[in-house]
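Student: I am new to this structure and should like to understand the reasons behind the terms used for it. May we go through them one at a time?

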Amino acid sequence: MRRTLSTLMASSLALLVIAAPLAAHDYTLGDLVIAHPWTRATPPGAPVAGGYLAITNKGGAADRLVAVSFAGASNVEIHEMKMDGDVMKMAELPGGLVIEPGATVRLEPGGFHLMLMGLSAQLTKGQTIKGALTFDKAGTIAVEFAVEALGAKAPAGSADEHATH
Ligand SMILES: [Cu+2]
């Protein structure tokens with residue numbers, strides 16, 4: 001009995017330790033819900049990184065993500081991926097990223113993303129980096145980007161963390 005109890009306690013403790021860094025962080029700005037801004041650890045000297053998050057518009061009118069800032073980046077661009085002949089290329093979205101009413105727009109590896117340019121320091125897994133998102137109608141909100149592992153395809157703890165797309 002004593003042994004079972006301590007085993008139980010040990011496994012609950014282990015769960016707690018694992019669960020803590022996986023906590024999602026969401027923000028609400030007017031009708032917009034911003035889910036889990038994150039980026040990836042960078043190799044030494046890397047000048048750019050991708051930034052990812054999801055935005056849900058619970059309102060009745062479209063809004064647009066028009067500007068983003070990230071501490072330690074000299075400039076942030078909002079990018080889309082599109083085919084140029086047979087080649088997938090990324091390009092800055094002119095006019096920002098539209099979020100239609102009722103829609104969730106995901107910025108994720110391989111799709112829409114933030115391009116964090118001119119990084120002044122290496123990004124290390126486990127850091128949180130301050131930034132801000134500015135929307136055409138809803139205004140500006142301060143957020144924090146979680147730095148995930150180098151090469152992560154999705155934030156830790158999400159269902160498709162191990163997906164290979
Ligand atoms: Cu890009």
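Tutor: Let us begin with the term donor: donors are N, O and S atoms within 2.8 Å of the metal. The donors of the copper ion follow the spacing H-x10-M-x22-H-x1-M along the chain. Please keep in mind that this is a predicted model.

Student: What makes His79, Met90, His113 and Met115 the residues that coordinate the copper ion?

Tutor: The atoms concerned are ND1 of His79, SD of Met90, NE2 of His113 and SD of Met115, at 2.0 to 2.2 Å from the copper ion. The cut-off for a donor is 2.8 Å, so these N and S atoms count as donors.

Student: Why is the arrangement around the copper ion called tetrahedral?

Tutor: The 4 donor atoms subtend angles of 98 to 115 degrees. Four donors count as tetrahedral if all angles lie between 85 and 135 degrees, and the arrangement is therefore tetrahedral.

Student: How do you know whether His113 is buried or exposed?

Tutor: His113 has a relative accessible area of 6%. Buried means under 20%, so His113 is buried. Met115, with a relative accessible area of 11%, is buried by the same limit.

Student: And why is Gly110 called exposed?

Tutor: Gly110 has 57% relative accessibility, and exposed means over 50%, so Gly110 counts as exposed. Gly110 is found in the loop between strand 8 (104-107) and strand 9 (113-117). The C-alpha atoms of Gly110 and Lys89 are separated by 9.9 Å, and the two residues lie 21 residues apart along the chain.

Student: How many aromatic pairs does the structure hold?

Tutor: There are 2 aromatic pairs. One of them is formed by Trp38 and Tyr52, with 4.7 Å centre to centre and 40 degrees between the planes.

Student: Why is the pair of Trp38 and Tyr52 called tilted?

Tutor: Planes under 30 degrees apart count as stacked and planes over 60 as edge-to-face, and the rest are tilted. The angle of 40 degrees falls under neither of those limits, so the pair is tilted. Trp38 belongs to strand 2 (residues 32-40) and Tyr52 to strand 3 (residues 49-57), 14 residues apart. Trp38 is buried, with a relative accessible area of 3%, and Tyr52 is buried, with 4%.

Student: What makes the pair of Phe70 and Phe145 edge-to-face?

Tutor: Their planes are 70 degrees apart, and an angle over 60 counts as edge-to-face, so the pair receives that name. The centres of the two rings are 5.2 Å apart. This pair links distant parts of the chain, with Phe70 in strand 4 (residues 63-70) and Phe145 in strand 11, 75 residues apart. Both Phe70 and Phe145 are buried.

Student: Which residues touch the most other members of the largest nonpolar core?

Tutor: That core has 30 residues, and those that touch the most other members are Ile34, Ile55, Leu65, Phe70, Leu114, Leu133 and Phe135. Strand 11 (residues 139-148) gives the most to this core, with 4 residues. Beyond its neighbours within four places in sequence, Ile55 is in contact with residues including Leu32, Ile34, Leu65, Ile99 and Phe135.

Student: Which side chains of strand 1 are buried?

Tutor: Along strand 1 (residues 26-29) the side chains alternate: Tyr27 and Leu29 point to one face and are buried, whereas Asp26 and Thr28 point to the other and are not. Strand 1 and strand 2 run antiparallel, joined by 4 bridges, and Asp26 stands opposite Ala35 in strand 2.

Definitions and conventions:
Residues numbered from 1 in each chain as written. Predicted model: local features only at pLDDT ≥ 70, side-chain atom pairs only at ≥ 80, totals over all residues. Heavy atoms only, no water. Donors = N, O, S within 2.8 Å, 3.2 Å for Na, K, Ca; no water. Tetrahedral: all angles 85-135°; square planar, octahedral: opposite > 155°, others 65-115°. Buried < 20%, exposed > 50% of the residue type's maximum accessible area, 1.4 Å probe, protein only. Core = buried A, V, L, I, M, F, W, Y, C linked by side-chain atoms within 4.5 Å. Helix = DSSP H or I, 4+ residues; strand = E, 2+ residues; numbered from the N terminus. Contact = heavy atoms within 4.5 Å. Phe/Tyr/Trp six-rings, centres within 6.5 Å; stacked < 30°, edge-to-face > 60°. Pairing = 2+ DSSP bridges.
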